[in-house]
Each structure stands twice: as C-alpha cells, then as structure tokens.
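This report covers selected local features of one protein chain. It takes up a helix residue, then the salt bridges, the cysteines and a surface patch.

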Amino acid sequence: MPETVTEATPSLGRRFGALLIDWVLCLLVAGFYADPRVVAWPPVVILILVYAVFLGFFAQTPGMRVMKLRCVDVDDNGSIGVLRGALRGFLLALVIPALIMDGQRRGLHDRAARSIVVPA
C-alpha cells in the first residue's frame, strides 16, 4: 500500500463524482417503477443493492469505474464481498458516517466495512 495519504486515497472530488454518478443511475432505475419525487426510498434501496453487488463482485460501482476508483479490503486489497458492500452502502445512505473521516480519508462506512477507496 502507498505510504502517504495523498498517494493512498483519491481526492474527495473524485469520490463525490463517483457517488453522484451512482446516485443519478439509481434515480433513473427507480424511475421505472416509482416516482422518486413522491416515494423517496426506492433509489436508496437501489443504491444499497448496487453497492452490495458491484462492490461485492467487482470492487467498484459504475460511478467508481468512470472515476477510476476501486473499493477494496483494507488488509489484502481484494473484493470486500456482498455483505460488506451492503453494509457500506447502507451506512453511506445514512450520509453522516461518510462525513466522519480519519487520516486516510476513510469514513465510518469504510471503517465498518473494513474497506478503503483507492485509485484503479
């Protein structure tokens, strides 16, 4: 793993860009079966499912792929698995855990899932 924080973790702008792309995709998908302006929970559930499936199997969501990021296990740089991906997505959906970061720019959602976002 790289030695300095700036080498090890991508900028917050890239991470936010990836999240924004994922959120727009979730809104589009939710729009097929519910109006996100009326019922707020379908895009959130889709976001959690996207994180579970895509992080669990591919170590990156569609937004992370566009922004050239990966979310990997903090210990072995492997995929975090479906359950930890779902946990990370759930805590990310709560917003506050993502705002509380440590020196490696790992939010509480990253720490709980034992994951870290790195450049792809």
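G56 lies in helix α3, which spans residues 41-58; helices here are DSSP runs of H or I with at least four residues, strands are runs of E with at least two, and both are numbered from the N terminus. The model is predicted, so local features need pLDDT of at least 70 and side-chain atom pairs count only at pLDDT 80 or more, while totals for chains, interfaces and linings use all residues. Residues are numbered from 1 along each chain as its sequence is written, and side-chain values use heavy atoms, with hydrogens and water left out.

G56 is buried at 10% relative accessibility. Buried means under 20% relative accessible area, exposed means over 50%, and partly exposed is in between (1.4 Å probe, protein chains only). With residues up to four places away in sequence set aside, G56 touches Y51, S79, G81 and V82; contact means heavy atoms within 4.5 Å. V39 is 17 residues from G56 along the chain, and their C-alpha atoms are separated by 27 Å.

**Salt bridges**

The model has six salt bridges, each defined as a side-chain nitrogen of Lys or Arg within 4 Å of a carboxyl oxygen of Asp or Glu. Three of the pairs are tabulated with their N to O distances.

| Acidic residue | Basic residue | N to O distance |
|---|---|---|
| D110 | R15 | 2.9 Å |
| D73 | R84 | 2.6 Å |
| D102 | R111 | 2.8 Å |

What does the salt bridge between D110 and R15 tie together? D110 lies in helix α7 and R15 in helix α2, so this pair ties together parts that are 95 residues apart in sequence. D110 is buried at 0% relative accessibility, and R15 is also buried, at 13%.

The bridge between D73 and R84 links distant parts of the chain, with D73 in strand β1 (residues 69-73) and R84 in helix α5 (residues 82-93), 11 residues apart. D73 is buried with a relative accessible area of 8%, whereas R84 is partly exposed at 27%.

In the bridge between D102 and R111, D102 is partly exposed at 26% relative accessibility and R111 is partly exposed at 44%. Elsewhere, salt bridges that share partners join R15, R88 and D110 into one network.

H109 is found in helix α7, residues 108-112, and is buried with a relative accessible area of 3%. Apart from neighbours within four places in sequence, H109 is in contact with R15, R88, L91, L92, P97 and A98.

**Cysteines**

A disulfide is a covalent bond between the sulfur atoms of two cysteines. The criterion applied is a pair of cysteine sulfur atoms within 2.5 Å, and the count comes to zero disulfides. Why is C26 not bonded to C71? The closest cysteine sulfur to that of C26 is in C71, at 15 Å, which is too far for a bond. C26 is buried at 2% relative accessible area, and C71 is buried at 0%.

**Surface patch**

F16, L20, V24, L25 and L28 make a nonpolar surface patch of about 480 Å². Patches are made of residues with over 30% relative accessible area and no salt bridge; like charges are joined within 9 Å and nonpolar side chains (Val, Leu, Ile, Met, Phe, Trp, Tyr) within 5 Å. Accessible areas come from the Shrake-Rupley method with a 1.4 Å probe, and for residues only the protein chains shown count as cover. F16 lies in helix α2, residues 12-30, and is exposed with a relative accessible area of 53%.
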